[in-house]
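Me: Got a minute to walk through a model with me? I'd like to start with helix packing and then poke at a few residues.

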Amino acid sequence: MKAYKMEALKRAVLLVLISAMVVTPSSLRAAQNAGQAAAKGAPQPALAVNKVDDDDTDQAQKQEEAKERERDRQEQEREKKQEQQEREQERQERELERAVRVYEKATRALDKRQYEDAVKLFGELIKKGGDRVEGAYYWKAYGEFKHGQFKEALATYEALVKGFPQSRWMHDAKQLAVEIQQAEGRPVKPEDQADEELQLLALNGLMHADPERAWPLLQKLLESSRPLKIKEQALFVLSQSGSDKAREVLASFARGQANPDLQLKSLEYLALFGGKESRQTLEEVYKSSDDKTIKRSILGFFMIGGDRDRLLAAAKGEKDADLRGEAIGQLGVLGARDELSEMYQAESEGKVKRKILDALFVGGAADKMIDLAQNEKDPELRRSAIEKMGLMGSPKTADTLVKMYANENDKNIRRKVIEALFMQGNAKAIVEIARKETDPELKKKAVEQLSIMNSKEGAEFFEEILNK
């Protein structure tokens, strides 16, 4: 404080002297003579040299601060862009999930013979479009038919034919149209309908007692226009037989050669069926299908079956980025650390590398995460690896984070290390950083993290500061 007052006093005296020189002609002449003497080689005051040095230092510091602000701005822009992409992806996923829920609700209404409600829900799906629209057309026509609205049912059928002439629903839809045309002109009463569940129980018993007699009846049921629930139960009966013939029938439905709604259930039963032939069929369907829902389900079946090779093939060769990411994630669930590490080294696309990084984290690959946190050249990927080290929370990752902070020069990386230590709950390490750190921003960051940790080490450190 004394030094500051002395400096202020010096500046005040200097201003007085300058003012006096301005108003006094003799002083002005003296100053001019002094300037001429300096031009002839008189020694310059040391104060002027120091001022130039100070100006250079200030300029360099300002340039460095400007660079730091620009780096922060670019980092914020990257994070903002990534957040926008993630929000859009989440929105699309929510829309897809909502469509699936509405579709399932509508099919449940059909099972309960609440045809009016089902028709309304399928109509909503048709208006919105999307992956389920073809099935919605078929089941809307079915619901209208069962509700006695034959003209409306035929109109819905014709809309399906016109809008999706190559639809996989065409086989079932054409059969439904025949039934509608046959029934047109007479009312259909719920009590006139066959007790389908009772028939299915009888079929199940016949399947165990006399499979040869049950086969044609089962085939007829699966190819009929019966409700989805009944057909799914028929597939279940089929899957319980364990015979090669049953597997072949399941495989035909799994390939989408009939009702598309049954394809997913057939794939599920085929996966549970197990065996080399079943896995081969799953792979064939994956390669031939354009339906992301189908392909995503098959990737899940590969994971359940521990099929690393097929998942790895999809992770490397899949063209669709979302499905490729799904395959990578499933490899992480299986703990395929070596395979993922090799993929990471060979991959050049940043988005895919982030997916692999996430999978490595899920697989508990702490050593690989430490390596990437220390050696990854891409700053964003490196920060992501540091963040995941914080979530892992092992002693090894904690020690590495502390060493990294001591040896790191990048301010953003050091900030990320503090955040990672905070996620680990490592108050002791953050206190040491706060004690030694000379950068005001980083010191403040460490103190801020300590203030919300409610730790003994933090409390002692705050008391230490307040007692100084």
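Reply: Sure, and one bit of vocabulary before we start: an axis here is a line fitted to C-alpha atoms, for helices over the stretch in contact, and angles run from 0 to 180 degrees between N-to-C directions. Also keep in mind that this is a predicted model.

Me: Fine. So how do the axes of α16 and α18 sit, in distance and angle?

Reply: Helix α16 covers residues 321-333 and helix α18 covers residues 350-362; their axes come within 7 Å and cross at roughly 20 degrees. Angles under 35 degrees count as roughly parallel, and α16 and α18 are therefore roughly parallel to each other.

Me: Left-handed or right-handed crossing for α16 and α18?

Reply: Right-handed. On the α16 side the contact is made by R324, G325, I328, G329, G332 and V333, and on the α18 side by V352, K355, I356, A359 and V362.

Me: What classes do the residues of that α16 and α18 contact divide into?

Reply: Six are nonpolar, three polar and two charged.

Me: Ok, now α5 and α6. What angle do they pack at?

Reply: About 165 degrees, with the axes 7 Å apart; α5 is residues 133-146 and α6 is residues 150-163. That makes α5 roughly antiparallel to α6, because angles over 145 degrees are put in that class.

Me: And which hand is the crossing where α5 passes α6?

Reply: α5 passes α6 in a left-handed crossing. From α5 the contact takes in E134, Y137, Y138, K140, A141, E144 and F145, and from α6 it takes in F150, E152, A153, T156, Y157, A159 and L160. By class, the α5 and α6 contact residues come out as nine nonpolar, one polar and four charged.

Me: One last pair: how do the axes of α10 and α11 cross?

Reply: At roughly 140 degrees, coming within 8 Å, for α10 at residues 228-241 and α11 at residues 244-254. That makes α10 oblique to α11. The contact consists of L235, L238, S239 and S241 of α10 with A246, V249, L250 and F253 of α11.

Me: How many charged residues are in the contact of α10 with α11?

Reply: None; that contact has six nonpolar and two polar residues.

Me: Zooming out, how many helices and strands does the chain have?

Reply: 25 helices and zero strands. The chain has 468 residues, and 38% of them count as buried. If you take contacts between residues at least 6 apart in sequence, 56% join residues at least 24 apart.

Me: Switching to single residues. Is T397 buried or exposed?

Reply: Buried, with a relative accessible area of 0%. T397 lies in helix α21, residues 395-407.

Me: What lies 2.7 Å from a polar atom of the T397 side chain?

Reply: The backbone oxygen of S394. Setting aside neighbours within four places in sequence, T397 is also in contact with A366, I370, M389, M392 and Q424.

Me: And A420, which helix is that in?

Reply: A420 is in α22, residues 411-424. A420 is buried too, as its relative accessible area is 0%. Beyond neighbours within four places, A420 is in contact with I386, G390 and L401. The C-alpha atoms of A420 and G393 are 9.0 Å apart, with those positions 27 residues apart along the chain.

Me: What about D371, where is that?

Reply: In helix α19, residues 366-375. D371 is partly exposed at 31% relative accessible area. The side chains of D371 and N375 are joined by a polar contact of 2.7 Å. For D371 and T400, 29 residues apart along the chain, the C-alpha separation is 9.8 Å.

Me: Now backbone oddities. What is the phi of R113?

Reply: Positive, about 65 degrees, although R113 is not a glycine. R113 is in the loop between α3 (46-111) and α4 (115-128), and at 36% relative accessibility R113 counts as partly exposed.

Me: And what is the phi of N454?

Reply: About 55 degrees, so positive again for a residue that isn't a glycine. N454 is in the loop between α24 (440-451) and α25 (456-466). N454 is exposed, with a relative accessible area of 76%.

Conventions:
Residues are numbered from 1 along each chain as its sequence is written. This is a predicted model: local features need pLDDT of at least 70, side-chain atom pairs count only at pLDDT 80 or more; totals for chains, interfaces and linings use all residues. Side-chain values use heavy atoms; hydrogens and water are left out. Helices (H or I, at least four residues) and strands (E, at least two) are DSSP runs, numbered from the N terminus. Buried means under 20% relative accessible area, exposed over 50%, partly exposed in between (1.4 Å probe, protein chains only). A polar contact is a pair of N or O atoms within 3.5 Å; within protein, one must be able to donate a hydrogen and the other to accept it, and residues adjacent in sequence count only if both atoms are side-chain atoms. Contact means heavy atoms within 4.5 Å. Angles under 35 degrees count as roughly parallel, over 145 as roughly antiparallel, 65 to 115 as roughly perpendicular and the rest as oblique. A crossing is left-handed if the near helix is turned anticlockwise from the far one by less than a right angle, and right-handed if clockwise. Ala, Val, Leu, Ile, Met, Phe, Trp, Tyr, Cys and Pro count as nonpolar, Asp, Glu, Lys and Arg as charged, and the others, Gly among them, as polar.
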